[in-house]
Amino acid sequence: KMTQQMRDLQLAQARKPPGPSSPNAAKRLYRNLSGKFRVNYTSFDEGSLAGRGEKEKLRKSYLFQSNAALFEAVELQDLDRVQELLKQYSPEELDLNTPNSEGLLPLDIAIMTNNAPIARALLQAGAKESPHFVSLESRSLHLSTLVREAEQRVKELMAQVVNEAPNADCSEKEKQLKAWEWRYRLYKRMKAGFEHARVPDAPTNVHLSVASSSSVQVTFWEPLSVNSAVVTKYKVEWSCSPTFSPPLGEAVIDKLKNLHFTIRGLVSGTAYYVQVSAYNMKGWGPPQASMPPFAIPSNWREYDGRAPRRRGQAEALDHLLGQVKTVHQHCVCHEPCKTQPQSRKHSVSKSLKHLFHPGSKFLKTLKRGLYLAAIFYKDDNILVTHEDQIPVVEIDDTYSCLLMQDFLWFTKVSCMWDETLWLRQCVTVSQSSCSCILQTRFKMLLAISQMQGLLGIQDLGQVFFEPIKDKQGNILIITLKEVKTNQTFESVRWVPICKLQTSRKSVSSPEEPTALDMLLISVQDKLAYHQWSSHALSPGLYLGYLKLCSAVDQIRVLVPERLPNILCHVKIRSNPNISREEWEWLQKMASVEEHVSAEPEAETSQNHLFQELQVAIKELMTLVNIPLQEAKDFRLYSQEVLDFGGQVSFLLLLPPSDDVCTAPGQNNPYTP
């Protein structure tokens with residue numbers, strides 16, 4: 001079989017005409033080759049004198065070749081080559097929308113030869129149709145002219161080949177004849193493709209939804225039949241009248257990666273009708289009305305006039321912090337300032353002592369106390385000290401307070417790493433009471449400053465949600481930070497994580513590992529948690545499941561392992577907004593005590609939401625391993641929609657009141 005394939009390949013190569021496949025290609029190839037030879041024949045001195053100008057000429061030559069190559073690939077219907085060129089060069093470098101000498105663009109050739117895959121690839125890259133074709137008549141005339149001229153050229157060359165004696169010129173004429181015959185067939189195919197095509201059918205699945213109190217969104221799919229011509233754009237029209245007389249506005253969509261459009265600047269409470277039509281080289285097809293037929297811009301807050309929960313909170317907190325800083329500056333800082341000259345005398349000796357102080361270096365071992373470890377990672381590498389240890393500093397060697405309260409305070413400090421020095425001044429001043437809590441927190445701030453100083457960086461990253469405790473009485477608070485740029489750190493170096501885990505010798509028994517050994521064993525899990533917790537949800541409306549479990553000093557919440565920064569959830573739809581009508585329907589359902597048929601009228605946004613919720617609830621119950629019959633007493637939280645940053649919103653699904661939070665000692669009947 002292999003031998004036969006090789007023979008076939010050799011025969012095909014032998015039959016293949018030695019010249020280029022089109023006259024244009026022949027001209028381009030000649031120009032490119034002559035350009036290359038000109039560059040090669042210049043001497044070294046001339047090349048160095050030309051410098052940047054020659055490089056620019058060479059670059060333009062390559063770009064010219066890439067443009068020619070794209071036309072060739074489209075004409076030869078070579079999809080792989082087209083995709084390769086689109087990936088390798090930008091649309092500008094390819095001159096994607098500059099017509100060739102025949103007044104055609106790559107997209108025109110793909111459309112008129114009805115090559116849908118290549119046409120789609122070009123459209124997604126930003127290709128346009130030729131501006132010369134302002135009407136059907138102009139396109140038809142242009143194609144007829146190309147066919148006629150190609151036919152005439154074929155006849156002329158055929159006559160020359162027949163009449164001339166065999167020589168070098170005759171051989172060249174035969175090549176040209178083959179190329180023009182090929183081009184004649186291409187133009188005839190394009191003309192036939194244009195003549196047989198009809199306008200496209202209407203788009204399918206045209207769905208209208210309320211995007212906000214001043215906008216609606218329409219989504220749609222391609223027509224079922226494009227009638228032998230690729231759709232190159234869509235038109236969205238909207239009006240306050242179901243007959244679209246008068247029309248209020250229209251928009252043409254020629255970027256076909258995502259078939260949706262948001263109509264903005266609408267009046268809240270007004271009904272808007274929307275229809276969508278498709279376009280190909282034969283013109284616009286019939287419009288398709290949306291489902292539901294109209295939408296009224298609104299938001300669920302309009303139901304009872306509720307203000308956003310977080311409006312002005314960040315500004316208020318900034319204002320409060322500014323006030324605290326001002327009071328601290330005026331009432332406290334002027335006292336230490338008076339004694340500043342005196343402290344300068346001892347600054348040199350203090351700094352020298354600090355160099356030899358054991359607290360100024362990273363720790364190798366733990367001796368029963370509270371410690372801070374900083375994990376910095378980049379790809380598969382982790383930052384370690386010169387002793388191949390994760391950077392650790394001591395917080396308190398006589399720690400005896402309640403850890404959870406101090407740990408939560410530490411997590412808040414992590415939101416303002418740059419303010420550590422100022423916070424230390426505040427706590428130092430307040431230390432007159434000498435309470436255990438204040439002393440511990442002051443030591444935490446000292447440890448943070450020490451870690452920042454040793455590493456030479458302010459931002460220590462995100463605090464891991466759970467400290468590590470061992471049986472020897474050590475507690476390790478961990479911060480994690482992913483390094484994405486080539487930052488330089490002091491006193492540390494990068495090593496592969498796997499090398500660190502295999503090379504470090506454990507100093508504890510497997511039955512009772514130290515906190516440092518526990519950290520090394522679980523470092524991959526902590527890095528995975530950190531990466532997963534920084535992932536954002538895509539915009540949309542979600543259904544979340546709220547399940548809590550309380551202990552003596554904390555409450556735990558059920559989250560997905562792969563997305564631990566949000567509740568267990570499923571996506572209801574891509575539109576995050578809940579309209580006033582939808583919220584009104586949800587309120588009505590929440591107030592019904594007995595089980596009644598909740599299905600709203602067909603062809604309404606409420607009915608669409610009802611169907612989406614049914615699917616989402618079943619999917620969510622499967623996800624958290626709760627049988628559907630057990631979920632009959634579950635409720636939708638009807639007090640509010642939870643908004644996260646404007647693009648993500650949540651409806652909450654709650655278990656019965658007694659089961660929302662599992663108390664200590666109480667068994668949870670369902671294991672997620």
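Strand β12 (residues 462–463) and strand β14 run antiparallel and are joined by two bridges. In this predicted model, β14 spans residues 475–482, and the points below describe its pairing partners and then the protein chain as a whole.

**Strand β14 and its cover**
- Seven of the eight residues of β14 are buried, which leaves the strand mostly covered.

**Antiparallel partners of β14**
- Within the pairing of β12 and β14, V463 lies opposite T479 of β14.
- Strand β13 (residues 468–469) also pairs with β14 in the antiparallel sense, through two bridges.
- On the β13 side, K469 faces I475 of β14.
- The hairpin formed by β13 and β14 has five residues between its strands. In this hairpin, G473 adopts a positive phi near 95 degrees.

**Parallel partner of β14**
- Strand β9 (residues 370–378) pairs with β14 in the parallel sense, and eight bridges connect the two.
- Y371 has L476 of β14 as its bridge partner.

**The protein chain as a whole**
- The secondary structure of the protein chain consists of 21 helices and 23 strands.
- Of the 672 residues in the protein chain, 41% are buried.
- Among contacts in the protein chain with a separation of 6 or more, 71% are between residues 24 or more positions apart.
- The exposed area of the protein chain is about 39,000 Å², and carbon and sulfur atoms contribute 54% of that area.

Terms used. Residues numbered from 1 in each chain as written. Predicted model: local features only at pLDDT ≥ 70, side-chain atom pairs only at ≥ 80, totals over all residues. Heavy atoms only, no water. Helix = DSSP H or I, 4+ residues; strand = E, 2+ residues; numbered from the N terminus. Buried < 20%, exposed > 50% of the residue type's maximum accessible area, 1.4 Å probe, protein only. Contact = heavy atoms within 4.5 Å. Areas by Shrake-Rupley, 256 points an atom, 1.4 Å probe, with all protein chains shown as cover. Pairing = 2+ DSSP bridges.
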